[in-house]
Amino acid sequence: MTETELEIREALMGNTIPMEKGHLRTMGPDDYRLPIGVADGANAVRFLGVRQNSKVLLTELKPAELDRAVRKSMHKVGRSLLLLGQPDIPACLIRYVLTRPAIITVRYIDDVPVVTSWAARGATGWISNLRALASFKKQLPDSISFADDAEAPKEEKITRRQFRKQVREAKKSMREERRAVQQAEKEYRKSLKENEEGGDA
């Protein structure tokens with residue numbers, strides 16, 4: 001499996017954790033809680049796997065500009081999803097009433113921007129993929145379009161051990177950033193208190 005497919009598979013099985021503002025993130029190896037999130041189609045993912053449908057994106061935008069544009073478009077079609085092992089990849093989760101959930105990702109493969117829809121294999125998985133891509137395409141600005149005739153490059157495959165290592169490193173980085181923010185807030189509150197005491201004097 002590829003790095004992205006391993007993490008998408010876990011998300012489609014419902015192994016996600018809610019974050020602030022309604023966002024979701026995938027679970028890491030150290031997380032322990034009852035899985036919540038996507039439940040429909042979990043058994044199909046477990047036994048049949050995940051199918052994907054990829055399209056090359058045509059745009060003159062720089063990577064940072066493309067990232068902002070696709071995240072804004074994703075916000076209109078689904079629920080933001082943080083892939084813990086690949087936090088830089090924009091992703092969103094889309095639920096449907098009659099078909100299985102789908103996840104949209106946008107990433108660079110061999111320097112080519114590629115949008116991919118992921119869903120459980122089975123009778124309705126391909127429908128979910130088509131619906132997700134169509135919904136996302138409608139929300140894209142005029143500066144981004146699908147290259148329907150171009151074949152998307154393939155992503156490099158990795159082992160589960162490599163994937164778990166990347167997730168652990170991502171969680172470590174998140175903890176360090178959280179501690180830095182907490183320390184900054186602590187110092188800020190301390191400076192406010194000192195200023196108030198100085199003013200009283």
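Contact, throughout this tour, means heavy atoms within 4.5 Å. The model shown is predicted: local features need pLDDT of at least 70, side-chain atom pairs count only at pLDDT 80 or more, and totals for chains, interfaces and linings use all residues. Residues are numbered from 1 along each chain as its sequence is written, and side-chain values use heavy atoms, with hydrogens and water left out.

**Whole chain**

Begin with the entire chain, which has 5 helices and 8 strands. Helices (H or I, at least four residues) and strands (E, at least two) are DSSP runs, numbered from the N terminus. Along the sequence these elements follow the pattern α-β-β-α-β-α-β-β-β-β-α-β-α. Of the 201 residues, 40% count as buried, where buried means under 20% relative accessible area, exposed over 50%, and partly exposed in between (1.4 Å probe, protein chains only). Among contacts between residues at least 6 apart in sequence, 65% join residues at least 24 apart.

**The sheet**

Select the strands next. The 8 strands form an open sheet with mixed pairing, in the order E1-E2-E4-E5-E6-E7-E3-E8. Strand E1 (16–18) and strand E8 (144–147) are the edge strands, each pairing on one side only; two strands pair if DSSP finds at least two bridges between them. Neighbouring strands are turned by 35° against each other on average, direction ignored. Axes here are lines fitted to C-alpha atoms, for helices over the stretch in contact, and angles run from 0 to 180 degrees between N-to-C directions.

Now restrict the view to strand E5 (residues 91–94) and strand E6 (residues 102–109), which run antiparallel and are joined by 4 bridges. Cysteine 92 has isoleucine 104 of E6 as its bridge partner.

**Helices on the sheet**

Add helix H1 (residues 3–12), which packs on the sheet and touches E1, strand E2 (24–26), strand E3 (50–59), strand E4 (79–82), E6 and strand E7 (112–120). The direction of H1 makes about 35° with that of E7. Because 9 of the 10 residues of H1 are buried, this helix is largely enclosed by the rest of the structure. Just after H1, glycine 14 takes a positive phi of about 95°.

Then add helix H3 (residues 63–77), which packs on the sheet and touches E3, E4, E5, E6, E7 and E8. The direction of H3 makes about 175° with that of E6.

**Nonpolar cores**

Select Ile104, Val115 and Phe136: of the 20 residues in the largest nonpolar core, these touch the most other members. A nonpolar core is a set of buried Ala, Val, Leu, Ile, Met, Phe, Trp, Tyr and Cys residues joined through side-chain atoms within 4.5 Å. H3, E5, E6, E7, helix H4 (125–139) and E8 each supply at least two residues of this core, and H3 gives the most, with 5 residues.

Centre on isoleucine 104. Leaving aside neighbours within four places in sequence, isoleucine 104 is in contact with Met74, Pro90, Ala91, Cys92, Ile94, Val115, Thr116, Ser117, Ala132, Leu133 and Phe136. Apart from the largest core lies another, of 16 residues, among them Ile8, Met13, Val50 and Leu93.

**Arginine 107**

Finish at arginine 107, in strand E6. Arginine 107 counts as buried because its relative accessibility is 6%. Beyond neighbours within four places in sequence, its contacts include Thr4, Gln52, Trp118 and Glu155. A polar contact of 3.0 Å joins the side chains of arginine 107 and threonine 116; a polar contact is a pair of N or O atoms within 3.5 Å, and within protein one must be able to donate a hydrogen and the other to accept it, while residues adjacent in sequence count only if both atoms are side-chain atoms.
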